[in-house]
Structures are given as C-alpha cells and as structure tokens.
Amino acid sequence: MKLTLTPPPFPGAPVVVMIAGLGGTGSYWLAQMTALSARFQVVCYDQCGTGNNPASLPDNYQISDMASELLSALQQAGVERFCVVGHALGALVGMQLALDYPQAVSALVLVNGWLSLDAHTRRCFHIRERLLLAGGPQAWVQAQPLFLFPADWLSAHAPRMEAEEALALAHFQGEHNLQRRLQALKNADFSSSAGQIACPTLILCSQDDMLVPWTCSQRLQQALAGSELRVMARGGHACNVSESEEFNGLLLDGLATLLPASAQLQKEYL
C-alpha cells in the first residue's frame with residue numbers, strides 16, 4: 001500500500017498518521033498538512049480500495065483488516081511508532097491499531113468518532129445507501145456534502161463544492177468497495193474493548209455534526225480513561241475542513257500535550 005510521508009522537520013520528529021473516513025483518501029487532510037508538517041513527520045494515504053491504492057475488497061472486510069494493512073505499510077516505510085489522527089471511520093481504525101498493536105501507537109486523536117454506530121448515524125447511512133442503489137455514484141456524491149458541512153458553509157462555498165463533486169465522481173471508489181467498507185464501519189463495536197486502550201487520547205467533535213451526534217464523542221470520552229474531549233460549536237462532520245483554523249489550533253495544542261517529548265525536541269532543535 002502506497003503512503004505519502006513528509007520530510008521530518010527536525011531529527012527525531014514524531015510521526016503523525018492521518019486516517020480519513022469513509023471517503024478513504026489522504027487528500028481529506030489538506031487543510032491540516034502545512035500546520036502539522038512544520039512540527040511532525042506526517043503520513044497520509046489512500047486506504048485500500050480507494051484512490052492510488054486500488055483493490056477489490058473481500059466480502060468479510062473489517063476494521064481490523066484496515067488496521068493491519070496500514071501497520072504493514074508503515075513498517076515497510078520504516079515507521080515503528082506513531083500517533084494517529086483519525087476521522088470517523090479513521091477513528092475506528094486508530095482505536096483498532098491501539099488495541100491490536102499498542103507498542104506502535106503513541107497517542108490517539110479521535111475526530112467525530114464513536115464506540116458503536118449510533119441509531120441516527122445508521123439511519124443516515126441507510127438513506128445514503130438507498131440513494132446509491134437508486135441513483136448510482138452520482139447520487140451518493142451529490143448527497144455527501146449535506147451530511148458533512150453546515151448549510152450556510154455549503155451555500156458560501158457552492159463553486160468549490162461543484163468542483164469537488166466532479167473530482168469525487170471521477171475518482172469514486174466503486175460501489176463494491178464502498179459497500180464493503182461501509183459494512184466494516186457498521187460492524188465495528190468498541191463498547192466492550194475501548195477501556196483497554198492505554199495510550200493518551202484526545203477526542204475532538206463538532207456540536208452541529210448532523211451525521212454523528214456529538215454525544216457519541218461524550219460516550220467515547222467516558223469509556224477511555226484519562227482521555228480529553230474538546231467540542232467545537234460548529235463545523236459539521238467535516239469540521240477540520242469547514243473550520244480548519246479553529247480545528248488546527250485544537251489539534252496542535254492537543255498534540256503538544258499528548259506528545260510532550262516532541263515539543264521539547266523541537267525547542268532543542270530550533
């Protein structure tokens with residue numbers, strides 16, 4: 001599996017691995033790359049079956065498969081220990097990595113994640129699947145921003161949304177892979193295992209997320225001993241895109257707390 005790694009900004013810089021959600025592409029994190037790459041070596045990637053990592057996913061594909069694929073690719077790239085920043089499905093992959101490979105995961109940042117699929121989120125995906133069945137990829141892609149962004153933000157960024165819609169349609173992961181990855185997301189349940197996660201964890205969410213209720217992050221925080229929760233007032237499900245300045249500030253402050261040794265290394269280097 002292909003990865004994209006930024007150069008380390010200083011010797012010994014910690015590695016931060018960015019894991020996108022159901023869309024699966026590393027470009028989801030463009031608004032974070034400049035801010036993060038000045039302090040960390042950043043890894044982005046297109047998940048298996050998406051973007052520049054094409055594959056036909058098996059019927060029984062699970063979150064644990066996503067975690068093991070990523071770990072194998074990181075080890076091949078010489079990365080043995082890293083912090084994970086995961087959004088939605090990416091947060092689930094991050095938790096799976098922390099459970100299955102605790103020696104590799106130094107810290108977690110879980111963005112709009114959950115322990116198990118909320119009834120409201122399940123309803124949203126059911127509606128989106130019906131759109132996919134009736135209208136194909138174009139209907140899925142056209143509806144997607146409605147679940148990701150606040151209405152006023154969408155209105156103000158209409159030309160951008162049209163351009164991104166065309167790009168998403170041109171690089172659509174395929175109905176087969178989308179269904180397999182969506183099923184893996186639905187099957188994931190960390191309700192009984194999250195308490196075993198030992199690494200320091202920051203949980204970020206947006207209070208106006210209409211796809212994943214922000215209370216899911218509350219429940220995550222209660223299940224993960226010692227974790228911290230930061231709630232943004234607005235930004236929708238893709239708050240790291242729509243409110244990137246606020247999100248980046250929270251993320252960088254959180255990483256400085258989660259990875260205190262990295263902050264000291266940076267000071268010594270500078």
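This is a short walk through the sheet, the helices on it, the cores and a few single residues of one predicted model.

I'll start with the sheet. It is open and has seven strands, in the order β1-β3-β2-β4-β5-β6-β7, and the pairing is mixed. At the edges are β1, residues 4-5, and β7, residues 228-232, and each of these pairs on one side only.

Take the β1 side next. β1 and β3 are antiparallel, with two bridges between them, and Leu5 sits opposite Val43 of β3. β2 and β3, in contrast, run parallel and are joined by three bridges. One pair to look for there is Val15 with its bridge partner Gln41 in β3. To get from β2 to β3 the chain passes through α1, and that β-α-β crossover is right-handed.

While you have β3 on the screen, look at its side chains. Gln41 and Val43 point one way, Val42 and Cys44 point the other way, and all are buried. So Gln41 is buried as well as being the partner of Val15, going by the under 20% cut-off for relative accessible area.

Moving along the sheet, β2, residues 15-19, pairs with β4, residues 82-87, in the parallel sense over four bridges. Ile19 has Gly86 of β4 as its bridge partner. Helix α2, residues 63-76, packs on the sheet here and touches β2, β3 and β4, with its direction at about 145 degrees to that of β2. The other helix to note is α1, residues 30-37, which lies across β2 and β3 and runs at about 160 degrees to β3.

Now the interior. Which residues have the most contacts inside the largest nonpolar core? They are Phe82, Leu97 and Leu108, in a core of 58 residues. Elements giving two or more residues to this core include β2, α2, β4, α3 (89-100) and β5 (105-111), along with the helices α4, α7 and α8. Leu97 is a useful one to click on. Beyond its neighbours within four places in sequence, Leu97 contacts Ile19, Ala67, Leu70, Leu71, Phe82, Val84, Pro102 and Val105. There is also a second, separate core of 32 residues, and among its members are Trp29, Leu148, Cys239 and Leu251.

Next, two backbone oddities. Most residues other than glycine have a negative phi. Ala88, in the loop between β4 and α3, has a positive phi near 55 degrees. Asn112, in the loop between β5 and α4, also has a positive phi, near 50 degrees. Are these two buried or exposed? Ala88 counts as buried because its relative accessibility is 6%, and buried means under 20%. Asn112, at 1%, counts as buried for that reason too.

Last, the N terminus. Met1 is in the segment before β1. Its relative accessibility is 36%, so Met1 counts as partly exposed. Which residues does Met1 touch, leaving aside neighbours within four places in sequence? The contacts are Tyr45, Asp46, Gln47, Cys48, Asn53, Glu69, Leu70 and Ala73. Leu70 is also on the contact list of Leu97. Finally, Met1 and Gln173 are 172 residues apart along the chain, and their C-alpha atoms are separated by 15 Å.

Methods. Residues are numbered from 1 along each chain as its sequence is written. This is a predicted model: local features need pLDDT of at least 70, side-chain atom pairs count only at pLDDT 80 or more; totals for chains, interfaces and linings use all residues. Side-chain values use heavy atoms; hydrogens and water are left out. Two strands pair if DSSP finds at least two bridges between them. Contact means heavy atoms within 4.5 Å. Axes are lines fitted to C-alpha atoms, for helices over the stretch in contact, and angles run from 0 to 180 degrees between N-to-C directions. A nonpolar core is a set of buried Ala, Val, Leu, Ile, Met, Phe, Trp, Tyr and Cys residues joined through side-chain atoms within 4.5 Å. Buried means under 20% relative accessible area, exposed over 50%, partly exposed in between (1.4 Å probe, protein chains only). A crossover is right-handed if, with the strands pointing away from the viewer, the path from the first strand over the helix to the second runs clockwise.
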